[in-house]
Amino acid sequence: CTLRDVVLIGSDKFETEAQRRENARLGRPNLNIGDGVVIERAILDKNVRIGDRVHITPHGKSENVDHPLYCIRDGIVCVPKNSIIPSGTTI
């Protein structure tokens, strides 16, 4: 992973191996950040699930954006608490 100018709040808990298997069965990313992720100028709130190969950056976007998965305020991408960003997503 590559994180530049990122605030990562973290998680309240760790997932068990059984929970990780259930995530895989459901196609849901595990808690925190997956493999091959690039994130720039962002705040990731508590208990987010960022899938593999996700790219998050405000570059080339409006200063203020509202989207179901995230928002951008003053050029900072904000991913709300408990959000799920699927693998392969580009923001």
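In the predicted model, R49 of strand β4 has I84 in β9 as its bridge partner. Strand β4 covers residues 49-50 and is joined to β9 by 2 bridges, the two strands running parallel. These strands belong to an open sheet of 3 strands, arranged in the order β2-β4-β9 with parallel pairing. The edges of this sheet are formed by β2 (32-33) and β9 (84-85), each of which pairs on one side only. Strands of a sheet pair through backbone hydrogen bonds, and the pairing may be parallel or antiparallel.

Strand β3, which spans residues 38-44, has pairings with β1, β5 and β8. With β1, the pairing is parallel and extends over 6 bridges. Within β3, I43 stands opposite V7. Strand β5 (residues 55-56) is joined to β3 by 2 bridges, and these two strands also run parallel. Here the bridge partner of I39 is I56 in β5. The pairing of β3 with β8 (residues 76-79) is likewise in the parallel sense and comprises 3 bridges. In β8, V79 stands opposite L44.

Residue E40 is located in strand β3. Its relative accessibility is 17%, and E40 therefore counts as buried, the limit for that class being under 20% relative accessible area. The side chain of E40 makes a polar contact with the side chain of R4, at 3.3 Å. Leaving aside residues up to four places away in sequence, E40 touches R4, D5 and V6, and also H55, I56, T57, P58 and H59. Of these contacts, I56 is a residue that also serves as the bridge partner of I39. R4 appears both among the residues touched by E40 and as the partner in the polar contact of its side chain.

A nonpolar patch on the surface is formed by V7, I9 and I43, which together have about 240 Å² of accessible area. Two members of this patch, V7 and I43, stand opposite each other, with I43 in β3. The remaining member, I9, is placed in the loop between β1 (2-8) and α1 (17-26). I9 has a relative accessible area of 46% and is therefore partly exposed, since that class lies between the limits of 20% and 50%. The patch thus includes a loop residue, I9, together with I43 of strand β3. In a regular strand, side chains alternate between the two faces of the sheet.

Definitions and conventions: Residues are numbered from 1 along each chain as its sequence is written. This is a predicted model: local features need pLDDT of at least 70, side-chain atom pairs count only at pLDDT 80 or more; totals for chains, interfaces and linings use all residues. Side-chain values use heavy atoms; hydrogens and water are left out. Helices (H or I, at least four residues) and strands (E, at least two) are DSSP runs, numbered from the N terminus. Buried means under 20% relative accessible area, exposed over 50%, partly exposed in between (1.4 Å probe, protein chains only). A polar contact is a pair of N or O atoms within 3.5 Å; within protein, one must be able to donate a hydrogen and the other to accept it, and residues adjacent in sequence count only if both atoms are side-chain atoms. Contact means heavy atoms within 4.5 Å. Two strands pair if DSSP finds at least two bridges between them. Patches are made of residues with over 30% relative accessible area and no salt bridge: like charges are joined within 9 Å, nonpolar side chains (Val, Leu, Ile, Met, Phe, Trp, Tyr) within 5 Å. Accessible areas come from the Shrake-Rupley method with a 1.4 Å probe; for residues, only the protein chains shown count as cover. A salt bridge is a side-chain nitrogen of Lys or Arg within 4 Å of a carboxyl oxygen of Asp or Glu.
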